[in-house]
Amino acid sequence: MKSEKIAIFDTTLRDGEQSPGCSMYLDEKIRMARQLEQLGVDIIEAGFPIASEGDFNAVRAVSAECRNATIAALGRTIEGDIFRAGDALKNAARSRIHTFVATSDIHLEYKLKKTRSEVLAMTRKAVRAAAGLADEVEFSAEDATRSDIDFLCEVFTAAVEEGATILNVPDTVGYTLPTEYANLIRTVKQRVVGDRDVTISVHCHNDLGLAVANSLAAVEAGARQVECTINGIGERAGNASLEEFVMACAVRADKMPFENDIDTSQIYSASSLLSSIISFGVQPNKAIVGRNAFAHEAGIHQHGVLSNPLCYEIMTPESVGIPKNDIVLGKHSGRHALTSRYEELGFTFDQEEISDIYTRFVELADKKKNIYEQDLIGIVHERSETLIAA
Ligand code: KIV
Ligand code: ZN
């Protein structure tokens, strides 16, 4: 049986870009969009055209540049937003208007100052207008995870009746838990989608560090589009990280029997390009793309990895496009790692020699945090000199 496909919707250029320290110039957005296409994302959300001239131009330019991915533009359920989004998408090979309105009581009362029936009417009007301006319409119920379930289903049903074929269930404030979110997805599938050709999408924020876990749980419950960003950038604690979601699916294909079109060997390039454009990189221990994600310092780990990487690596650095296993030498390193590094440098030693060199190495590593190749060569020279002098 052929497994089902999960569409990867990348919002690095929209939700990601709107967060502090992440704004990008037009040429940077175009470079990033090209890399996202190389990576194989299905949908690139290129901006929020009504928000600024820059966003409008970015959506227009990315539409002209990227001919394989669907290009999405965001707009509130307001006529002006929808027309502006449609205008920006005019030249896309495949266009999507993504329109959203909040459905939780707290947002209705304090932010929108609208009643439920007003929100319902806005949804119908905006989705109907969008359906005439783009190839497809996605509707998002902002703050879905804190919304009344009956009202949420009513709004989603109205959106489908007006032409939306993708229903997004955002965890806008990163509040939900995996089992709870999975139940919500099942309910929407049962009460709204039924046997209609409608895709359920998920969009998780990472305020509790659960964005990827929630996305995975949602997919198991029936979602078939995942919204995410490179390096997990996005509002506040960010969005679900694309590389983490995709690699979880790849590594645990036994439990996640779904397909996607991502070329995982392009992950590291996409991550590095983004870090070089925005004002910060990823933390060293960031899963998949952090500097230490594949680094092993403790001696027992280094020995295991050198004998067989599967001892401590559940995926290879090469599978995400990192050229080489990055073994860091330090005071916790063992003889095997040291011997192996010397071999890479062209030195071979017998047991007695390596014992002596290892003692010198540990003495140095006690004083010095990082040991570089020059240090290793220095140890060999120093040892030769002492032997000659003796
Ligand atoms: O987090 C959110 O609710 C959003 C919507 C616009 C989809 O970004
Ligand atoms: Zn968001």
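These are my notes on the barrel and on two helices that pack together in this predicted model.

**Entry 1: the barrel.** I began with the strands. Eight of them close into a barrel, and going round I read the order 1-2-3-4-5-6-7-8, with parallel pairing. From one strand to the next, the twist averages 25 degrees. A reminder to myself: strands of a sheet pair through backbone hydrogen bonds, either parallel or antiparallel.

**Entry 2: where strand 1 meets strand 8.** Next I looked up how strand 1 and strand 8 pair. Strand 1 covers residues 7-10 and strand 8 covers residues 225-228; they run in the parallel sense and share four bridges. I picked out one residue to follow: which residue in strand 8 is the bridge partner of Asp10? I found Cys228 there.

**Entry 3: a helix on the sheet.** Then I checked helix 4, residues 79-88, which packs on the sheet and touches both strand 3 (70-76) and strand 4 (95-102). The direction of helix 4 makes about 160 degrees with that of strand 3.

**Entry 4: helix 6 and helix 7.** How do the axes of helix 6 (residues 116-131) and helix 7 (residues 149-161) cross? They come within 8 Å of each other, at roughly 25 degrees. Angles under 35 degrees count as roughly parallel, so helix 6 is roughly parallel to helix 7. I also noted that the crossing is right-handed.

**Entry 5: who touches whom.** From helix 6, I listed Arg116, Val119, Leu120, Thr123, Arg124 and Val127. They meet Phe151, Glu154, Val155, Ala158, Ala159 and Glu161 of helix 7. Sorting the residues of this contact by type, I got seven nonpolar, one polar and four charged.

Technical notes
Residues numbered from 1 in each chain as written. Chains lettered and ligands numbered in written order. Predicted model: local features only at pLDDT ≥ 70, side-chain atom pairs only at ≥ 80, totals over all residues. Heavy atoms only, no water. Pairing = 2+ DSSP bridges. Helix = DSSP H or I, 4+ residues; strand = E, 2+ residues; numbered from the N terminus. Axes fitted to C-alpha atoms, helices over the stretch in contact; angles between N-to-C directions. Contact = heavy atoms within 4.5 Å. Parallel < 35°, antiparallel > 145°, perpendicular 65-115°, else oblique. Left-handed = near helix turned anticlockwise from the far one by under 90°. Nonpolar A, V, L, I, M, F, W, Y, C, P; charged D, E, K, R; others polar.
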